[in-house]
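Please find below a colleague's note on the model, set out as numbered points. The sequence and structure come first.

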Amino acid sequence: MNTLAIAPLFARIVDDLATHGWSQQSIFTPTDLTTQLAQECHKRAQRGQLELAGIGRGVAKVVHSGIRGDKMQWLEEGQNAAVDRYLGLMEQLRVALNQTLFLGLDDFESHFALYPAGAFYKKHLDRFRDDDRRIVTCIAYLNEQWLPEHGGELRMYLDNECVHDVLPQAGTLMVFMSANWPHEVLPSTRERLSITGWFLRRA
Ligand SMILES: O=C(O)CCC(=O)C(=O)O
Ligand SMILES: [Fe+2]
């Protein structure tokens, strides 16, 4: 595998994905960027710009609070410097994934997510029944000083009935193959912020 031109952080993610289909990086987004992204997410929430997240896509989308209780807003380029910087990091990761794993990823979609205390997202796969473009899931967590007693873990259901829990700690990036790993968000005792995104393959 030729990973010579790829920065070590991205190379580690690529290697993890190639060997076991997921990667957890506890120091991915720089501290200043993480703080700015959390501030931007809060600002949008205060302005009432976040909407209750749904299940499914387009006309098939329904809000179902028994399945997920987060609020979200899709990210767009050119609205905020921190968001643009984050999208730039994801673009570097997209190029690294294509160079090494030949995934043919040609787009990235992502949204801020805010889980109020007590909210959760039940076990699911990140694929819609009628759309298999989502290939790789990436989640960046924005929560300073998250402690185990706060709950809110991302629970990954791995092979052989094993689970792997990830604390939504600021700076952590979780990356996994969207079709392979069922996962859920456990309820937390405090508000939980993140950016969830997907690398997409051509339709
Ligand atoms: O925030 C997380 O840890 C996971 C979110 C998730 O599974 C999703 O939005 O599909
Ligand atoms: Fe998910």
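**Note on the predicted model**

1. Val136 is located in strand E6, which spans residues 134-141; helices (H or I, at least four residues) and strands (E, at least two) are DSSP runs numbered from the N terminus. The structure is a predicted model, in which local features need pLDDT of at least 70, side-chain atom pairs count only at pLDDT 80 or more, and totals for chains, interfaces and linings use all residues. Residues are numbered from 1 along each chain as its sequence is written, while chains are lettered from A and ligands numbered from 1 in the order in which they are written.

2. Val136 counts as buried because it has 27 C-beta neighbours inside 10 Å. The cut-offs are 20 or more other C-beta atoms within 10 Å for buried, 12 or fewer for exposed, and partly exposed in between, with C-beta atoms placed from the backbone. Leaving aside neighbours within four places in sequence, Val136 is in contact with Leu97, Leu103, Leu105, Val175, Met177, Ser178, Trp198 and Phe199, contact being C-beta atoms, placed from the backbone, within 7 Å. Val136 and Trp198 are 62 residues apart along the chain, yet their C-alpha atoms are separated by 5.5 Å.

3. An open sheet of 7 strands, with antiparallel pairing, follows the order E1-E9-E6-E11-E4-E3-E2; two strands pair if DSSP finds at least two bridges between them. Its edge strands, each pairing on one side only, are E1 (22-25) and E2 (51-52). Within this sheet, E6 and E11 run antiparallel and are joined by 7 bridges, and Arg134 stands opposite Leu200 in E11.

4. Two helices lie across these strands. Helix H1 (residues 8-20) lies across E1 and strand E9 (173-177), at about 145 degrees to E1. Helix H2 (residues 31-46) lies across strand E3 (71-74), strand E4 (105-115) and E11, at about 65 degrees to E4. Axes are lines fitted to C-alpha atoms, for helices over the stretch in contact, and angles run from 0 to 180 degrees between N-to-C directions.

5. The largest nonpolar core has 42 residues, and those with the most contacts inside it include Val136, Ala140 and Phe112. Such a core is a set of buried Ala, Val, Leu, Ile, Met, Phe, Trp, Tyr and Cys residues joined through C-beta atoms within 7 Å. H1, H2, helix H3 (81-101), E4, E6, E9 and E11 each give two or more residues to this core. Beyond four places in sequence, Ala140 is in contact with Phe28, Thr29, Tyr86, Leu173, Ser194 and Ile195.

6. Which residues surround ligand 1? They are Ala113, Tyr121, Asp126, Ile139, Leu154, His183, Val185, Ser194 and Thr196, the criterion being a C-beta atom, placed from the backbone, within 6 Å. Strand E10 (183-185) and strand E11 (192-201) each supply at least two residues of this shell.

7. Strand E7 (residues 154-157) runs antiparallel to strand E8 (residues 163-166), with 4 bridges between them, and Met156 has His164 as its bridge partner in E8. Their hairpin has 5 residues between the strands, and Asn160 takes a positive phi near 55 degrees there. E7 is also joined to E10, antiparallel, by 3 bridges; Glu184 in E10 is the bridge partner of Arg155.

8. Is Glu76, in the loop between E3 and H3, buried or exposed? Glu76 is exposed, since 11 other C-beta atoms lie within 10 Å.
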